[in-house]
Amino acid sequence: MEGKRVLVRLSGACVMCKLASMTLEGIQSRMVEELGEFVRLVPVMGGVPA
């Protein structure tokens, strides 16, 4: 996490899936609903930066 950004590393078949962005949007919506505040899911390639 970086502030209101949640860095997400996709793996396996999700990396090249055309529906991965829809999956991330659904997860983001659910997180906003549960947390009661805006967060943004950001897909990252490879490892998550330290």
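Within helix α1, R30 and E34 are four residues apart and therefore separated by about one helical turn. In this predicted model, their side chains meet in a salt bridge, with a nitrogen-to-oxygen distance of 3.3 Å. E34 has a relative accessible area of 55% and is therefore exposed. The general principle behind such a pairing is that side chains of opposite charge can pair when their charged atoms come close.

The helix that carries this pair belongs to a simple arrangement. The protein comprises one helix and two strands, and along the sequence these elements follow the pattern β-α-β. The elements are β1 (5-9), α1 (20-35) and β2 (40-44). Together, β1, α1 and β2 form a β-α-β unit that is right-handed. The two strands run parallel and are joined by five bridges. One position in this pairing can be located directly: L7 has V42 in β2 as its bridge partner.

Contacts across the sequence can be considered next. Among contacts with a separation of 6 or more, 61% are between residues 24 or more positions apart. A salt bridge offers one example of a link between distant parts of the chain: E37 lies in the loop between α1 and β2, whereas K4 lies in the segment before β1, 33 residues away. The closest N and O atoms of E37 and K4 are 2.2 Å apart. Both partners are partly exposed, E37 with a relative accessible area of 37% and K4 with 44%.

By the rule applied here, the salt bridges number three. Besides the pairs R30 with E34 and E37 with K4, E2 and R5 bring their side chains together in a salt bridge, at 2.6 Å from N to O. E2 is partly exposed, at a relative accessible area of 38%, and R5 is likewise partly exposed, at 36%.

The loop between α1 and β2 also contains V39. Is V39 buried or exposed? Its relative accessibility is 3%, and because a residue under 20% is classed as buried, V39 belongs to that class. Leaving aside residues up to four places away in sequence, V39 touches K4, Q28, M31 and V32. K4, one of these contacts of V39, is also the salt-bridge partner of E37. For Q28, the C-alpha atom lies 6.9 Å from that of V39, although eleven residues separate the two in sequence.

The surface provides a further view of the model. V15, M16 and M45 make a nonpolar surface patch of about 390 Å². Of these residues, M45 lies in the segment after β2. With a relative accessible area of 73%, M45 is exposed, because the class begins over 50%.

The overall dimensions and accessibility complete the description. Along the principal axes, the C-alpha atoms fill a box of roughly 30 × 25 × 10 Å. The protein has 50 residues, 20% of which are buried. Its accessible surface comes to about 4,000 Å², and carbon and sulfur atoms account for 61% of that area.

Definitions and conventions:
Residues are numbered from 1 along each chain as its sequence is written. This is a predicted model: local features need pLDDT of at least 70, side-chain atom pairs count only at pLDDT 80 or more; totals for chains, interfaces and linings use all residues. Side-chain values use heavy atoms; hydrogens and water are left out. Patches are made of residues with over 30% relative accessible area and no salt bridge: like charges are joined within 9 Å, nonpolar side chains (Val, Leu, Ile, Met, Phe, Trp, Tyr) within 5 Å. Accessible areas come from the Shrake-Rupley method with a 1.4 Å probe; for residues, only the protein chains shown count as cover. A salt bridge is a side-chain nitrogen of Lys or Arg within 4 Å of a carboxyl oxygen of Asp or Glu. Buried means under 20% relative accessible area, exposed over 50%, partly exposed in between (1.4 Å probe, protein chains only). Two strands pair if DSSP finds at least two bridges between them. A crossover is right-handed if, with the strands pointing away from the viewer, the path from the first strand over the helix to the second runs clockwise. Contact means heavy atoms within 4.5 Å.
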